Amino acid sequence: MALQKLFDLTGKVALITGGSKGLGKAMARGFAEAGADIFISSRHEDELRAALDEILAGTSRRGKYAVADMAKR
């Protein structure tokens with residue numbers, strides 16, 4: 001089975017908390033490259049738009065973001 005088909009996330013949406021930098025941003029990019037649309041969150045609103053643009057660059061995927069502190073219910 002081809003690796004691309006094994007990890008095909010077309011039609012799925014990935015929610016990544018802490019997605020504006022570091023490992024979260026890298027994982028979001030990997031999900032986008034595998035075909036998933038992306039929803040990232042972070043406590044840092046000023047970083048989210050730029051991070052989402054970088055994550056989606058060169059893919060045909062869609063994405064959104066929200067400011068959220070996951071330590072607070």
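Start at Ile38: at 2% relative accessibility, this residue counts as buried. The model on your screen is predicted. Ile38 sits in strand E2.

**Stop 1: around Ile38**

Keep Ile38 selected and show its contacts, leaving aside neighbours within four places in sequence. From the E1 stretch, Ala14 and Ile16 touch Ile38. Ala28, Phe31 and Ala32 are also in contact with Ile38. So are Leu52, Ile55 and Leu56. Arg62, Gly63 and Lys64 complete the list.

Now put a distance on one of these pairs. Ile38 and Ala28 are ten residues apart in sequence. Their C-alpha atoms are 6.8 Å apart in space.

**Stop 2: strand E2**

Extend the selection to residues 37-42, which make up E2. How many of the six residues of E2 are buried? Five are, so the strand is largely enclosed by the rest of the structure.

Pick Asp37, also in E2. Is Asp37 buried or exposed? Its relative accessibility is 10%, and buried means under 20%, so Asp37 counts as buried. Leaving aside neighbours within four places in sequence, Asp37 is in contact with Lys12, Val13 and Ala14. Arg61 and Arg62 are its other contacts under that rule.

**Stop 3: the sheet**

Switch to cartoon view and show the three strands. They form an open sheet in the order E1-E2-E3, with parallel pairing. E1 and E3 (63-67) are the edge strands, and each pairs on one side only. From one strand to the next, the twist averages 15°.

Strands of a sheet pair through backbone hydrogen bonds, either parallel or antiparallel. Look at the two pairings here in turn.

- E1 (residues 13-17) and E2 run parallel, joined by five bridges. Select Val13 to find Asp37 of E2 opposite. Select Thr17, and the residue opposite in E2 is Ser41.
- E2 and E3 also run parallel, with five bridges between them. Here Phe39 stands opposite Lys64 in E3.

**Stop 4: the two faces of E1**

Stay on E1 and turn on side chains. In a regular strand the side chains alternate between the two faces of the sheet. Which residues of E1 point to one face and are buried? They are Ala14 and Ile16. Val13, Leu15 and Thr17 point to the other face and are not buried. Recall that both Ala14 and Ile16 are in contact with Ile38.

**Stop 5: the H2-H3 crossing**

Hide the sheet. Select helix H2 (residues 22-33) and helix H3 (residues 45-56). Their axes come within 8 Å and cross at roughly 40°. H2 and H3 are therefore oblique to each other. The crossing is right-handed.

Show side chains where the helices meet. On the H2 side, pick Lys25, Ala28, Arg29 and Ala32. On the H3 side, pick Ala51, Glu54, Ile55 and Leu56. By class, this contact has five nonpolar, no polar and three charged residues. Several names should be familiar from the first stop: Ala28, Ala32, Ile55 and Leu56 are among the contacts of Ile38.

**Stop 6: Ala51**

Zoom in on Ala51 in H3. At 2% relative accessibility, Ala51 counts as buried. Which residues does Ala51 touch, not counting those up to four places away in sequence? They are Gly19, Ser20, Lys25 and Ile40.

Draw a line from Ala51 to Ser20. The two are 31 residues apart in sequence, yet 5.1 Å apart in space, C-alpha to C-alpha.

**Stop 7: exposed positions**

Turn on the surface and go to Gly11. Its place is in the loop between helix H1 (3-6) and E1. At 69% relative accessibility, Gly11 counts as exposed. Draw a line to Gly22, eleven residues along the chain. The two C-alpha atoms are separated by 25 Å.

Finish with Lys72, in the segment after E3. Is Lys72 buried or exposed? Its relative accessibility is 62%, and Lys72 counts as exposed. Add Leu23 to the selection. Lys72 and Leu23 are 49 residues apart in sequence. Their C-alpha atoms are 21 Å apart in space.

Methods
Residues are numbered from 1 along each chain as its sequence is written. This is a predicted model: local features need pLDDT of at least 70, side-chain atom pairs count only at pLDDT 80 or more; totals for chains, interfaces and linings use all residues. Side-chain values use heavy atoms; hydrogens and water are left out. Axes are lines fitted to C-alpha atoms, for helices over the stretch in contact, and angles run from 0 to 180 degrees between N-to-C directions. Helices (H or I, at least four residues) and strands (E, at least two) are DSSP runs, numbered from the N terminus. Angles under 35 degrees count as roughly parallel, over 145 as roughly antiparallel, 65 to 115 as roughly perpendicular and the rest as oblique. A crossing is left-handed if the near helix is turned anticlockwise from the far one by less than a right angle, and right-handed if clockwise. Contact means heavy atoms within 4.5 Å. Ala, Val, Leu, Ile, Met, Phe, Trp, Tyr, Cys and Pro count as nonpolar, Asp, Glu, Lys and Arg as charged, and the others, Gly among them, as polar. Buried means under 20% relative accessible area, exposed over 50%, partly exposed in between (1.4 Å probe, protein chains only). Two strands pair if DSSP finds at least two bridges between them.
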